Amino acid sequence: MHVVHAPFPHAYVLTLRGTADTASSDRLEDDFARATASGLPLIVDLGALEFGDETLLGLLLNARRTTGVELVGPLSPALQRRLDITGVTPWFALHPNLTTALQP
């Protein structure tokens, strides 16, 4: 799991690459805590994420309640299926790329 933090004037961007699973959950929780502490709306770029488990889903839902969160795709088929099965897909704006997500 590789995470890149990038604060912008109107949003905080987390870019996730690799696999978000049990092995990376503690670090991912720290990354989300740091991002949400900024107080800025959160944009999570998941375009290079191969897999995201229930921990990631929980972090996305929590961020949605605290700072707001938007997603950048395309989402992996497994992550898209997880969002669809849990019924939360419509809760997130999904952008095709980071440039679009950062537009006011």
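What kind of unit do E3, helix H2 (residues 54-66) and E4 make? They form a right-handed β-α-β unit, and that is a good place to enter this structure, which is a predicted model. Let us first step back to see the whole chain, and then return to the pieces.

The protein contains 4 helices and 5 strands. If you follow the chain along its sequence, the pattern reads β-β-α-β-α-β-α-β-α. The radius of gyration is 12 Å, close to the 13 Å that the globule rule gives for 104 residues, so the protein is as compact as a globular protein of that length. Along its principal axes, the C-alpha trace spans about 30 × 25 × 25 Å. Of the 104 residues, 41% are buried. Contacts between distant positions matter for the picture too: among contacts with a separation of 6 or more, 67% involve residues 24 or more positions apart.

Now for the sheet. Strands of a sheet pair through backbone hydrogen bonds, either parallel or antiparallel. Here, 5 strands form an open sheet in the order E1-E2-E3-E4-E5, and the pairing is mixed. Strand E1 (2-7) and strand E5 (93-95) are the edge strands, each pairing on one side only. From one strand to the next, the twist averages 25°.

It helps to walk across the sheet pair by pair. Strand E2 (residues 12-20) and strand E3 (residues 42-52) run parallel and are joined over 8 bridges. To find this pairing on your screen, look for threonine 19, which stands opposite phenylalanine 51 in E3. On the other side of the walk, E3 is parallel to strand E4 (residues 69-72), with 4 bridges between them. Here leucine 42 is the residue to look for, as it stands opposite valine 69 in E4. E4 in turn pairs with E5 in the parallel sense over 3 bridges, and leucine 71 stands opposite leucine 94 in E5.

How do the helices sit against these strands? H1 packs on the sheet and touches E1, E2 and E3, its direction making about 170° with that of E2. Helix H3 (residues 77-86) also packs on the sheet, touching E3, E4 and E5, and its direction makes about 115° with that of E3. H1 has a part in the chain's crossovers as well: E2, helix H1 (residues 25-37) and E3 make a right-handed β-α-β unit. The unit we opened with, made by E3, helix H2 and E4, is right-handed too.

Next come the charged side chains. How many salt bridges does the structure hold? There are 2 salt bridges. In one, the side chains of aspartate 31 and arginine 27 meet at 3.8 Å, N to O. These two residues are separated by about one helical turn because they are 4 residues apart in helix H1. With a relative accessibility of 7%, aspartate 31 counts as buried, whereas arginine 27 is partly exposed, with a relative accessible area of 42%.

Glutamate 54 and arginine 82 form a salt bridge as well, their closest N and O atoms being 3.9 Å apart. This pair links distant parts of the chain, since glutamate 54 is in helix H2 and arginine 82 is in helix H3, 28 residues apart. Arginine 82 is partly exposed, with a relative accessible area of 24%.

Finally, two individual residues are worth a closer look. Tyrosine 12 is found in strand E2 and is buried, with a relative accessible area of 5%. Leaving aside neighbours within four places in sequence, the contacts of tyrosine 12 include His5, Ala6, Pro7, Arg34, Ala35 and Ser38, along with Leu40, Pro41, Leu42 and Ile43. Tyrosine 12 and valine 44 are 32 residues apart in sequence, and their C-alpha atoms are 8.4 Å apart in space.

Threonine 67 lies in a loop, the one between H2 and E4. Is threonine 67 buried or exposed? With a relative accessible area of 18%, threonine 67 is buried, because the cut-off for buried is under 20%. Not counting residues up to four places away in sequence, threonine 67 touches Thr36, Gly39, Leu40, Pro41 and Leu42.

Note on methods. Residues are numbered from 1 along each chain as its sequence is written. This is a predicted model: local features need pLDDT of at least 70, side-chain atom pairs count only at pLDDT 80 or more; totals for chains, interfaces and linings use all residues. Side-chain values use heavy atoms; hydrogens and water are left out. Two strands pair if DSSP finds at least two bridges between them. A crossover is right-handed if, with the strands pointing away from the viewer, the path from the first strand over the helix to the second runs clockwise. Axes are lines fitted to C-alpha atoms, for helices over the stretch in contact, and angles run from 0 to 180 degrees between N-to-C directions. Contact means heavy atoms within 4.5 Å. A salt bridge is a side-chain nitrogen of Lys or Arg within 4 Å of a carboxyl oxygen of Asp or Glu. Buried means under 20% relative accessible area, exposed over 50%, partly exposed in between (1.4 Å probe, protein chains only). The radius of gyration is taken over C-alpha atoms; the globule rule is 2.2 Å times the number of residues to the power 0.38.
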